[in-house]
Amino acid sequence: RRRYHDTIYAGRPTFLTLEVTNTKRRFASFSVEIEEIFDTDQPIKQRPGYALVVRAGQRHTVTTRLTFERRGVHQSQGLRIATPFPFAFFRKWRVVSA
């Protein structure tokens, strides 16, 4: 689930709250990063949301910070969920559609 703040202005940071659910029955997910993917060539600054641990079957709320440099419609393509776990030698990710 995602929830934007009510008003968004160009050039000012806004926050996106994401509720993440670990659907696994037995194993926790560690070091989870979540960011929004946009279908635009306009620059968007983004600080991904981060969760250290999402336990099996539980929900966790993370917040990302977005700054849209220009006004207009920014169409979301979905969310990128990534993790460098276990050793940060490489990064795994999955794209979830909007």
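Is T67 buried or exposed? In this model, T67 is buried, with a relative accessible area of 12% (buried is under 20%, exposed over 50%, partly exposed in between, with a 1.4 Å probe and protein chains only). The legends below start with the whole chain and then visit this residue and others.

This is a predicted model, in which local features need pLDDT of at least 70 and side-chain atom pairs count only at pLDDT 80 or more, while totals for chains, interfaces and linings use all residues. Residues are numbered from 1 along each chain as its sequence is written, and side-chain values use heavy atoms, leaving out hydrogens and water.

**View 1. The whole chain has eight strands and zero helices.** Following the sequence from its start, you will meet the pattern β-β-β-β-β-β-β-β (strands are DSSP E runs of at least two residues, and helices H or I runs of at least four, numbered from the N terminus). Along the principal axes, the C-alpha atoms fill a box of roughly 45 × 30 × 20 Å. Of the 98 residues in the protein chain, 29% are buried. Among contacts (heavy atoms within 4.5 Å) with a separation of 6 or more, 57% join residues 24 or more positions apart.

**View 2. T67 sits in strand β6.** Leaving aside residues up to four places away in sequence, T67 touches G11, R12 and P13, and also P43, I44 and K45. With 12% relative accessible area, T67 belongs with the buried residues.

**View 3. Twelve residues build the largest nonpolar core.** Look here for L16, L18, V20, V32, I34, F38, A51, V54, V62, L66, F68 and L79. Two or more of these residues come from each of β2 (13-21), β3 (29-38), β5 (49-54) and β6 (59-68). A nonpolar core here is a set of buried Ala, Val, Leu, Ile, Met, Phe, Trp, Tyr and Cys residues joined through side-chain atoms within 4.5 Å. One member, L16, is worth a closer look: beyond four places in sequence, L16 touches R2, R3, Y4, E36, V62, T63, T64 and L66. Two of those neighbours, V62 and L66, are listed in the core too.

**View 4. Strand β3 is mostly covered and pairs with β5 and β7.** Eight of the ten residues in β3 are buried. On the β5 side, β3 pairs in the antiparallel sense over five bridges (pairing needs at least two DSSP bridges between two strands), and S29 stands opposite V54. With β7, β3 is again antiparallel, this time over six bridges. There, G78 in β7 is the bridge partner of I37.

**View 5. S31, in strand β3, has a positive phi.** The angle is near 55°, in a residue other than glycine. S31 counts as buried because its relative accessibility is 12%.

**View 6. The largest pocket holds about 790 Å³ of space.** Its lining has 26 residues, and V20, T21, V32, I81 and R94 lie nearest its centre. Two or more lining residues come from each of β2, β3, β7 (76-83) and β8 (92-97). Strand β8 gives the most, with five residues. By type, the lining divides into 13 nonpolar, six polar and seven charged residues. A pocket is an open set of points on a 1 Å grid over the protein atoms alone where a 1.4 Å probe fits, with protein on both sides within 12 Å along at least five of seven lines; lining residues have an atom within 4 Å of a point.

**View 7. H5 lies in the loop between β1 (2-4) and β2.** What makes H5 partly exposed? H5 falls in that class because its relative accessible area is 44%. Beyond four places in sequence, H5 touches T14 and F15. The C-alpha atoms of H5 and T17 are separated by 8.4 Å, and these residues are twelve apart along the chain.

**View 8. D39 lies in the loop between β3 and β4 (44-47).** D39 is exposed, since its relative accessible area is 52%. Not counting residues up to four places away in sequence, D39 touches Q75 and Q77. For a sense of distance, find Y4: D39 and Y4 are 35 residues apart along the chain, and 18 Å separates their C-alpha atoms.

Conventions
Grid points are joined across faces, edges and corners, and a volume is the space filled by probe spheres set on the points. Ala, Val, Leu, Ile, Met, Phe, Trp, Tyr, Cys and Pro count as nonpolar, Asp, Glu, Lys and Arg as charged, and the others, Gly among them, as polar.
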